[in-house]
Amino acid sequence: MKKLCIMICLLMPLFMFAACGEDEVPPAVTDAPVSQGIVIDAGSAVTIGVNENRQLTAYSKKDNSKTTVIWSSDNTDVVTVDYNGMLTGVSDGTATVTATTPDEAFSATCKVTVSSVLTNIAFENASLTLEKGTETQLNPILTPANVTNVTLIWMSGDPKVATVENGVVSAVGNGTTSIYVSDNENKLTAVCTVTVETTVTGVKLDVEAFTIQMNKGDTRKLIATITPADSSNQNLTWTSSNPNVIEVEADGTITAKSGGAANITVTSDNGVSDTCNIVVNSPVEGITLDRTEVVIGVGETLQLVATITPEDASQQDVSWGCSDLSVVTVDNTGALLGMKTGTVEVTATTVDGYHVATCTVTVINAATEITFESLAGDLEIGKTLQLIPILTPEDADAPVLTEGLREEDRTVLLEKVKFEHKRRNRERMEG
């Protein structure tokens, strides 16, 4: 009985603890960090040569950071690895190199093949472009890198394009060829495609001077010479600074469209160019004056305006003349001045082509004032009144023409004045 009581006393606290914990929520379990392991930078396999070194590095997969590991080789007779991950090929064969974290939680392996036999030949670049006359050194990549006793044989597919000797490629002529390198024993081969080009260094137009003359409507083909003559790219582009004056086609044919000047430029694809200046002469075809007949008074001035055709004529200069400068003077702009009464022919002559336009100019003794004998008077309905003008001076050929006079009335009056002027001239000559 005493023993039973002692056992009950000992078990009672356990029952009480269990009872109290039935309604409590168990503590939350947090996710532990998940490691992503490690990886070796060379991958799962690598080949090196006897006595060749190769550095291996281990990285954490989680954050790609370098990881401290312990390196080991399962066959040191084939390959050794130091504490930094440096491999050294010892003899032909295969071994597994392992990187293990210090806590031995993670590891990664790399299969290392050590070979004294060449397993591959390659070029860093599969193709290259050379300027004609230059050379370059091709260095094949051997696998393993320090393989010994390898004899390389070089060959060019077309020696007229490029030759090769001990890996030195010489660009001979324009074109494309293949450069081959092979080892004498294993017959492994690498190929590099070589393109040889000749760059344009100069472009020259076949013109005798920078500026050349053409007549409107004429055509001419310009020839551009490329230097060197065997340049790979012979493409040329032609442009005109003013197509309305000079139009240029893709083959260098130019057409003079109108009077003026423009620059013609020819440019190679690599930007080398030459330029010439074309001056287009548009011949004068005719001339007209804004008036063919005109009446002015003594001391009166009048501006004649000459128009040359075509409008784009290159030479716009006009010379002026008069059949009697004592009657009318004319300056080099076509401005007239009546000197005395009379009739003359004023001429405008083009400097180019000597085309002539004329204007008949009649100079009259024009009235400077007009009045009437009677300034006022009574006029009955149905009656007429004769108005007699008084001209100043008395021998004036015509009255002053006021601004209010209609144009048609002015024209009629001028015709009467010319007729009267001619009549008086005849009377003077007959008398």
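**Legends to the close-up views**

**View 1. The exposed residue E208 and its partner R220.** E208 has a relative accessible area of 63% and is therefore exposed (exposed means over 50%, buried under 20%, and partly exposed in between, with a 1.4 Å probe and protein chains only). The model is predicted, with local features requiring pLDDT of at least 70 and side-chain atom pairs pLDDT 80 or more, whereas totals for chains, interfaces and linings use all residues. Residues are numbered from 1 along each chain as its sequence is written, and side-chain values rest on heavy atoms, without hydrogens or water. E208 and R220 form a salt bridge through their side chains, at 3.7 Å from N to O (a side-chain nitrogen of Lys or Arg within 4 Å of a carboxyl oxygen of Asp or Glu). This pair connects distant parts of the chain, 12 residues apart: E208 belongs to the loop between β19 (202–205) and β20, and R220 to strand β21 (strands are DSSP runs of E, at least two residues, numbered from the N terminus). R220 is partly exposed, at 25% relative accessibility.

**View 2. The salt bridge between D251 and K221.** The closest N and O atoms of D251 and K221 are 3.9 Å apart. D251 is in the loop between β24 and β25 and K221 is in strand β21, so the salt bridge ties together parts of the chain that are 30 residues apart in sequence. Both residues are partly exposed: D251 has a relative accessible area of 38%, and K221 one of 45%.

**View 3. The salt bridge between D230 and K132.** Here the closest N and O atoms of D230 and K132 lie 2.5 Å apart. The two residues are separated by 98 residues and sit in two loops, D230 between β22 (224–227) and β23, K132 between β11 (127–131) and β12 (135–137). D230 is partly exposed at 32% relative accessibility, as is K132 at 35%. The whole structure contains 4 salt bridges.

**View 4. The surroundings of D274 in strand β27 (residues 273–281)**. D274 is buried but makes no salt bridge, and K204, its nearest side chain of opposite charge, is 4.4 Å away (Lys and Arg count as positive, Asp and Glu as negative; His and the chain ends are not counted). A polar atom of the D274 side chain is 2.8 Å from the backbone nitrogen of L205. Leaving aside residues up to four places away in sequence, D274 touches V203, K204, L205, I264, T265 and V266 (contact means heavy atoms within 4.5 Å).

**View 5. The open sheet of 3 strands, ordered β21-β25-β24**. Its pairing is antiparallel (two strands pair if DSSP finds at least two bridges between them). The edge strands, β21 (219–221) and β24 (246–248), each pair on one side only. On average, and ignoring direction, neighbouring strands are turned by 20 degrees against each other (axes are lines fitted to C-alpha atoms, with angles from 0 to 180 degrees between N-to-C directions). Strand β25 (residues 253–256) is joined to β24 by 3 bridges, and A256 of β25 is the bridge partner of I246.

**View 6. The open sheet of 4 strands, ordered β20-β27-β26-β23**. This sheet has mixed pairing; β20 (211–215) and β23 (236–240) are its edge strands, each pairing on one side only. The average turn between neighbouring strands, direction ignored, is 25 degrees. β23 pairs with strand β26 (residues 260–268) over 5 bridges in the antiparallel sense, with L236 opposite S268 in β26.

Definitions and conventions: A polar contact is a pair of N or O atoms within 3.5 Å; within protein, one must be able to donate a hydrogen and the other to accept it, and residues adjacent in sequence count only if both atoms are side-chain atoms.
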